[in-house]
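Visitor: Please show me the model, then take me through it in short questions and answers.

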Amino acid sequence: MDKPQKRMTLIVFSNDMDKAMAAFILATGAASAGMEVTMFFTFWGLALLRKKDYTTNKKSIIERMFGIMLPKGPEASVLSKMNFFGAGTSMMKGVMKSKKMPQLHDLMKMALSLDVTIVACTTSMNMMGFTRDELIDNIDVGGVATYLGKAQNSSINLFI
Amino acid sequence: MDKPQKRMTLIVFSNDMDKAMAAFILATGAASAGMEVTMFFTFWGLALLRKKDYTTNKKSIIERMFGIMLPKGPEASVLSKMNFFGAGTSMMKGVMKSKKMPQLHDLMKMALSLDVTIVACTTSMNMMGFTRDELIDNIDVGGVATYLGKAQNSSINLFI
Amino acid sequence: MDKPQKRMTLIVFSNDMDKAMAAFILATGAASAGMEVTMFFTFWGLALLRKKDYTTNKKSIIERMFGIMLPKGPEASVLSKMNFFGAGTSMMKGVMKSKKMPQLHDLMKMALSLDVTIVACTTSMNMMGFTRDELIDNIDVGGVATYLGKAQNSSINLFI
């Protein structure tokens with residue numbers, strides 16, 4: 001294996017727009033610098049990987065509730081603070097646009113094009129009733145063993 | 001000492017049920033795979049180590065307020081999001097039960113039986129007025145120096 | 001370079017008083033033990049580096065709104081839980097005072113006197129419209145590349 005200095009893993013537990021942005025800024029920065037980056041999306045973070053337009057009628061009532069209550073992908077995620085029922089999040093998005101900074105969904109596309117490995121946590125998928133189909137393409141699925149294997153050989157491991 | 005690849009430390013700062021579950025899923029997964037795992041419970045996280053039925057009349061008013069406001073152990077902890085005054089947390093616990101997934105208190109027992117080292121932060125104990133007596137058995141106490149010593153020789157260090 | 005065991009980096013994403021205290025307790029503890037510590041203040045965490053008494057009339061409306069809504073330095077930061085419109089935070093500060101524990105602004109001063117490197121994130125400064133002038137003295141500014149360079153050669157890297 002390559003030297004661990006060249007590897008980073010990020011556990012993305014949160015689906016807050018601000019924390020997800022921090023995660024993707026780190027991931028794309030590291031991948032651009034030639035590092036091998038793996039992002040594990042778990043618990044609320046899983047919602048960032050949902051397709052915008054997926055619908056199904058095969059879910060239990062509780063699974064449908066999770067489906068309704070959690071954001072569908074990066075464009076629906078909101079700030080962890082100062083959201084003010086969406087006004088703060090809109091304001092932040094407007095600021096980023098006016099300053100020509102990439103939005104969260106841009107950063108996600110950039111990460112995939114830079115070969116960042118994105119892994120959806122199987123335990124969380126099971127818990128919340130999200131199937132592979134309703135998550136975006138070009139990602140892997142895996143559990144805690146997958147994570148530990150990668151993290152043991154990485155110099156930077158963060159929980160976000 | 002053993003190779004650092006075989007060691008992990010987790011700082012458990014939060015007492016949210018979801019974050020605590022993530023911590024214990026990582027800890028038990030790593031310990032099952034033969035890693036040496038140390039978990040440091042600090043600040044709000046300390047509440048996860050409280051005994052359910054401990055009472056005392058030797059505390060100051062403020063210490064009693066901390067005692068009343070913080071959850072008593074894992075079964076009293078709630079979700080960081082979608083708690084809805086307890087409804088969301090109950091729903092999540094119901095889902096886990098129906099899917100035969102271990103609950104937080106099961107994961108904690110599992111961690112102890114797998115020899116995960118659990119350390120209560122002495123600074124936080126002092127700040128919140130929690131004595132050794134009111135925390136669960138089979139744990140250690142320690143401060144920042146204890147943490148740093150362990151973390152310097154671990155390949156995975158996370159703050160949760 | 002020195003051995004990585006002697007280095008730690010902390011990303012301070014949050015400006016919550018409790019999380020910031022955890023960060024500075026770790027930083028001052030590590031620096032006292034001879035470790036080289038770098039703290040990166042990003043997103044909400046940037047507010048911890050604001051000068052208390054800086055004013056300007058050169059900002060856009062949105063930048064002024066960020067200025068008003070975010071705390072000005074450590075003394076204005078509040079707890080992430082049990083804040084109760086300031087009452088919980090005051091109570092916690094009172095407890096720390098009565099137990100002769102250092103407050104957040106004391107810990108920050110201590111960190112600087114122990115040569116902890118404090119870096120303000122340029123991307124966040126740009127996003128929120130904070131200029132170098134309105135942040136405290138004796139700190140550096142830098143982006144994700146600065147962070148990655150440090151973190152790759154540190155044994156402890158945490159996201160707080």
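Guide: A term to begin with: pLDDT is the predictor's confidence in each residue, from 0 to 100. This is a predicted model, in which local features need pLDDT of at least 70, side-chain atom pairs count only at pLDDT 80 or more, and totals for chains, interfaces and linings use all residues. Residues are numbered from 1 along each chain as its sequence is written, while chains are lettered from A and ligands numbered from 1 in the order in which they are written.

Visitor: What is the mean pLDDT of chain A?
Guide: The predictor gives the complex an ipTM of 0.93 and a pTM of 0.95. In chain A, 99% of the residues reach 70 or more. The mean pLDDT of chain A is 93.

Visitor: Which symmetry relation links chain A and chain B?
Guide: Superpose the copies by least squares on the C-alpha atoms of residues with pLDDT of at least 70 in both. Chain A then lies on chain B with an RMSD of 0.0 Å, after a turn of 120 degrees and a shift of 0.0 Å along the axis. That is therefore the relation of a three-fold axis.

Visitor: Which element gives the most to the side of chain A that touches chain B?
Guide: Contact requires C-beta atoms, placed from the backbone, within 7 Å. By that test, 16 residues of chain A are in contact with 21 residues of chain B. Helices (H or I, at least four residues) and strands (E, at least two) are DSSP runs, numbered from the N terminus. With four residues, the element that gives the most to this side is H6(A).

Visitor: How are H6(A) and H1(B) oriented to each other?
Guide: The axes, lines fitted to C-alpha atoms over the stretch in contact, give angles from 0 to 180 degrees between N-to-C directions. Those of H6(A) (144–151) and H1(B) (17–32) come within 10 Å and cross at roughly 75 degrees. Angles under 35 degrees count as roughly parallel, over 145 as roughly antiparallel, 65 to 115 as roughly perpendicular and the rest as oblique. H6(A) and H1(B) are therefore roughly perpendicular.

Visitor: Which strands stand at the edges of the sheet in chain C?
Guide: Strands pair if DSSP finds at least two bridges between them. Five strands form an open, parallel sheet in chain C, in the order E4-E3-E2-E1-E5. Each edge strand has a single partner strand, so one side of each is left without a neighbour in the sheet. The edge strands are E4(C) (140–142) and E5(C) (156–159).

Key: Two residues are in contact if their C-beta atoms, placed from the backbone, lie within 7 Å.
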